[in-house]
Amino acid sequence: MLLRSVARESGAFQQPLTAEQVLAMARRAFGAGTELASAVELGDGTYNSTYRVELDSGDESILRVAPEPGRQLRAERDFMRSEHAAAPYFAPIAALLPRTLAVDFTHDLLDRDYMFQSVVPGVPARVGLENYPRARWTSFFRDLGSISKQIHAVRGERFGPVAGPGVATWSEAVLAVLADIVADLEDIGLDADDVRELAAAALRGKEILDEVGEPRLLHGDLWTINVMIEPDAPEPTVSGLFDCDRAHWGDPESDWAIYRAAGRPGTERDAFWETYGPLDDGAGARWRRLVYEARNIAAVRIERHRLGKQDSVAGTYDELGKVLSRLRRTTGEAEWRG
């Protein structure tokens, strides 16, 4: 079989597989007589090790392999298990998602979770969009708005990771995530003082967080890097999406797609709101969105460090500082509520 892995430094977070490991996983998934033609690592992802696997029969699948448990930070723990647990709740958009062909969390073959999934049709959106004038990207963002609305319509019973155990209030879930981020930053030797200030602000405003009383399903990472589009459509059209491993129950306005769509007002991204609908414009909702924005920046800091992008890590301190300055200007509950 042909095995092709992405060239990385020996200590890189994403670790390659051997041909023997890929073959053993494929035989466990598809049968003892399985033979492989090729396994080619895909370099777009930043967390799992992902291979496009072709059997001798010509059938293709995607093999995703999680990092070893000891390499996973608190804020990124058990992502693959979370995605597997969340799959039934994504039923409203099931036609767009890959099918799980096999999953193995036993660690019998190697000390890593892995799953085989069907290949999502289309071309990666971040590449395919470049084939269209930017003015025509609006159809793509309308699709993302519609998909996000369908996801957010799914109701849950507790806040937090879909795999559980979950908590009773939204403030508990937010504070737990911030505590994990603080601990992770300390473990990797980065200053976490600004995230501590954010956590303190969230604690003071827990009643405002808890105005969100009903858990809704969140994708957690829906944007261009995790979306496929039809290759020859007259306008950019979503054909599939993947990587639901950050799925959790929470406030829809905290979801990654909302953060990204709102990030560049006055651009083609505004088409997102045509299908999703407007955000809550109340003072409490605006304050919560500041907390979510700051939390997202803090999470990005960890990812950039993991990827070795130290210059970008430094930039997150300025970004988060600006959001905290806006939070500081909200001096009490009466002002937050307007």
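Student: How many cavities of 30 Å³ or more does the structure hold?

Tutor: There is 1 cavity of 30 Å³ or more. Bear in mind that this is a predicted model.

Student: What is the volume of the largest cavity, and which residues line it?

Tutor: The volume is about 30 Å³. Its lining consists of Phe13, Gln15, Pro67, Glu68, Arg71 and Arg112. By class, the lining of the largest cavity splits into 2 nonpolar, 1 polar and 3 charged residues.

Student: Now the helices. How are two packed helices described?

Tutor: Two values do the job: the angle between the axes and the distance between them. Take α10, residues 283-306, and α11, residues 310-328. Their axes come within 9 Å and cross at roughly 165 degrees.

Student: Are α10 and α11 roughly parallel or roughly antiparallel?

Tutor: Angles over 145 degrees count as roughly antiparallel. The pair α10 and α11 is therefore roughly antiparallel. Their crossing is left-handed.

Student: Which residues of α10 and α11 meet?

Tutor: The α10 side offers Trp287, Leu290, Val291, Glu293, Ala294, Ile297, Arg301, Arg304 and His305. On the α11 side are Gln310, Ser312, Val313, Thr316, Tyr317, Glu319, Leu320, Val323, Arg326 and Leu327. This contact of α10 with α11 counts 10 nonpolar, 4 polar and 5 charged residues.

Student: Let's turn to pockets. How much space lies in the second largest pocket?

Tutor: The second largest pocket holds about 550 Å³. It is lined by 24 residues, and the closest to its centre are Ala262, Arg289, Leu290, Glu293 and Arg326. Leu290, Glu293 and Arg326 also belong to the contact between α10 and α11.

Student: Which helix gives the largest share of the lining of the second largest pocket?

Tutor: That is α10, with 8 residues. Helices that each supply at least two lining residues are α8 (256-261), α10 and α12 (333-337). By class, the lining of the second largest pocket has 10 nonpolar, 4 polar and 10 charged residues.

Student: Last topic, the backbone. What holds for most phi values and most peptide bonds?

Tutor: Most residues other than glycine have a negative phi, and most peptide bonds are trans. Asp78 is not a glycine, yet has a positive phi of about 55 degrees. Look for Asp78 in the loop between β4 (60-65) and α2 (79-86).

Student: And is the peptide bond from Gly164 to Pro165 cis or trans?

Tutor: The bond from Gly164 to Pro165 is cis, with omega near 5 degrees. Pro165 sits in the loop between β8 (160-161) and α5 (170-187).

Terms used. Residues numbered from 1 in each chain as written. Predicted model: local features only at pLDDT ≥ 70, side-chain atom pairs only at ≥ 80, totals over all residues. Heavy atoms only, no water. Axes fitted to C-alpha atoms, helices over the stretch in contact; angles between N-to-C directions. Helix = DSSP H or I, 4+ residues; strand = E, 2+ residues; numbered from the N terminus. Parallel < 35°, antiparallel > 145°, perpendicular 65-115°, else oblique. Left-handed = near helix turned anticlockwise from the far one by under 90°. Contact = heavy atoms within 4.5 Å. Nonpolar A, V, L, I, M, F, W, Y, C, P; charged D, E, K, R; others polar. 1 Å grid on protein atoms, 1.4 Å probe; cavity = no way out; pocket = protein on both sides within 12 Å on 5 of 7 lines; lining within 4 Å. Points joined across faces, edges and corners; volume = space filled by probe spheres on them.
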